[in-house]
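Reader: I would like a close look at one part of this model, taken slowly and with the surroundings kept in view.

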Amino acid sequence: MNSLLEIVSVDVGYGYVKAISSNGKQVLFPSVVGSGRDRGIVHFLENKTDEMDLSEIHIKVNGKHYYVGDMAIKNSLDGSRVFERERYNHEYSNILMNVAIHLITDPSTKEVILFTGLPLDYYRTQHKEFKERLLEDSPTIEWISGKYKGKRRIQIKDVGVFPQGMSAVWATLMNHDGKTFRKDLLQEGNQIGIIDIGFRTTDICVVEMKDGGGFTPLIPFSETIDQGVVNLYENIKIAYQNRTGGSDLSENKINRILKQKAINYKGKKVNLSKEVDESYRAVVNSIIDRINKLWKEEADTFDYIFVVGGGGTLFYDYLQSNFDNRLMSIVSSQFANAVGYYRIGKILYSDILENAGLQKAR
């Protein structure tokens with residue numbers, strides 16, 4: 001394998017960045033970027049230059065300090081996610097993509113072939129511009145902490161952009177080893193539904209299996225819904241405000257409430273179990289209402305329905321009763337699209353990968 005060139009697959013979600021590489025590495029961190037500052041305690045981390053510390057991602061780009069992921073959530077006053085529809089043009093999206101590539105590639109890597117994607121509805125109108133943006137000169141990143149020390153630049157040599165949801169199908173069709181197909185799914189005529197719940201959007205799609213293992217998307221049953229984990233966060237925030245007289249709540253504390261169903265407020269424990277349950281059900285009801293309008297009675301005859309994505313794991317139990325307990329999940333569900341991009345890319349870009357000596361990679 002050419003050590004100067006790797007295949008990488010990166011899913012820059014609204015909630016988390018998921019990335020995998022042909023060298024076997026993978027990474028997951030929150031899609032949050034914020035302003036950073038020069039820290040006098042950086043020298044304390046100097047002995048960790050060969051280790052990855054996702055809680056301490058601190059970089060400089062064009063002379064400006066940035067915190068990324070958990071570091072931004074906890075230490076940036078302006079830490080934020082990119083919710084714009086054409087988010088690929090945003091400075092922070094470019095930072096997230098390139099930080100992910102740096103984190104999963106070997107130190108000797110100079111170039112990558114990148115596979116990535118967009119939400120289903122956005123893909124139709126944005127994939128060409130997104131690819132062009134990615135092929136522009138990659139930034140030089142100066143790592144203060146998080147993995148490396150010093151400056152590094154990795155150029156994106158070629159890009160494959162694929163639709164989310166549809167790409168996740170490939171994560172369901174193969175076993176967790178990524179090498180053997182699940183024969184139970186491949187029967188010609190099988191119709192497979194995918195509910196891919198992300199942080200801001202939910203991609204709904206259905207495919208029909210063809211003879212030989214391919215599949216055809218059933219477009220009338222596929223779309224992007226503007227519902228996801230962010231709606232759950234908003235519901236929790238409102239519930240907390242109602243119980244505390246309007247006090248605000250950080251994302252870090254929202255995650256704590258979701259895990260513990262309670263939080264201390266002015267020295268007293270506030271039990272929010274009921275509010276958490278109601279918040280989950282409200283989001284699930286919104287998603288189910290849209291799916292019922294989209295799929296109607298057709299869903300009764302689908303052979304398989306998979307729930308994937310980080311939100312899929314969160315809402316799985318709440319969704320089951322709406323589908324007669326037929327829903328299925330997969331290993332590493334949060335990485336479904338990243339895995340799908342990788343597997344589709346290796347098929348569609350086989351000639352390019354073979355010329356680069358990468359076709360046998362992972």
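Is the crossing of α5 and α7 left-handed or right-handed? Please start there, and then describe α7 and what lies around it.

Author: The crossing of α5 and α7 is right-handed, and I should say at the outset that this is read from a predicted model. Helix α5, which covers residues 229-244, packs with α7 at an angle of about 145°, and the two axes are 9 Å apart. On the α5 side, the residues that take part are Asn231, Leu232, Asn235, Ile236, Ala239 and Arg243, and they meet Glu275, Val276, Ser279, Tyr280, Ala282 and Val283 of α7. By character, the residues of this contact divide into seven nonpolar, three polar and two charged.

Turning to α7 itself, this helix runs over residues 273-295, which makes 23 residues, and from its first C-alpha to its last it reaches 32 Å, close to the 33 Å expected at 1.5 Å a residue. Its buried residues are Glu275, Val276, Ser279, Tyr280, Val283, Val284, Ile287, Ile288, Ile291, Leu294 and Trp295. Just after the helix comes Lys296, whose phi is positive, at about 50°.

Trp295 also leads into the wider interior, since the largest nonpolar core has 77 residues, and Trp295 is listed with Val10, Phe29, Ile59, Val99, Ile195 and Phe315 as the members that touch the most others. A second, separate core has 33 residues, including Leu173, Cys205, Tyr304 and Tyr341. Within the largest core, Ile195 gives a direct link back to α7, for its contacts beyond four places in sequence include Ile291 and Trp295, both of them buried residues of that helix. The other contacts of Ile195, with the same sequence neighbours left aside, are Thr202, Asp203, Ile204, Ile305, Phe306, Val307, Val308 and Phe323.

A positive phi, as described for Lys296, is also found at Asp324, where the value is near 55° in a residue other than glycine. Asp324 is placed in the loop between α8 (310-320) and β18 (327-328), and Asn325 lies in the loop between α8 and β18 as well. Asn325 is likewise not a glycine, and its phi is positive at about 55°. In contrast to the buried residues named for α7, Asp324 is exposed, with a relative accessible area of 58%, and Asn325, at 60% relative accessibility, also counts as exposed.

Conventions: Residues numbered from 1 in each chain as written. Predicted model: local features only at pLDDT ≥ 70, side-chain atom pairs only at ≥ 80, totals over all residues. Heavy atoms only, no water. Core = buried A, V, L, I, M, F, W, Y, C linked by side-chain atoms within 4.5 Å. Buried < 20%, exposed > 50% of the residue type's maximum accessible area, 1.4 Å probe, protein only. Contact = heavy atoms within 4.5 Å. Helix = DSSP H or I, 4+ residues; strand = E, 2+ residues; numbered from the N terminus. Expected span 1.5 Å × (residues − 1). Axes fitted to C-alpha atoms, helices over the stretch in contact; angles between N-to-C directions. Left-handed = near helix turned anticlockwise from the far one by under 90°. Nonpolar A, V, L, I, M, F, W, Y, C, P; charged D, E, K, R; others polar.
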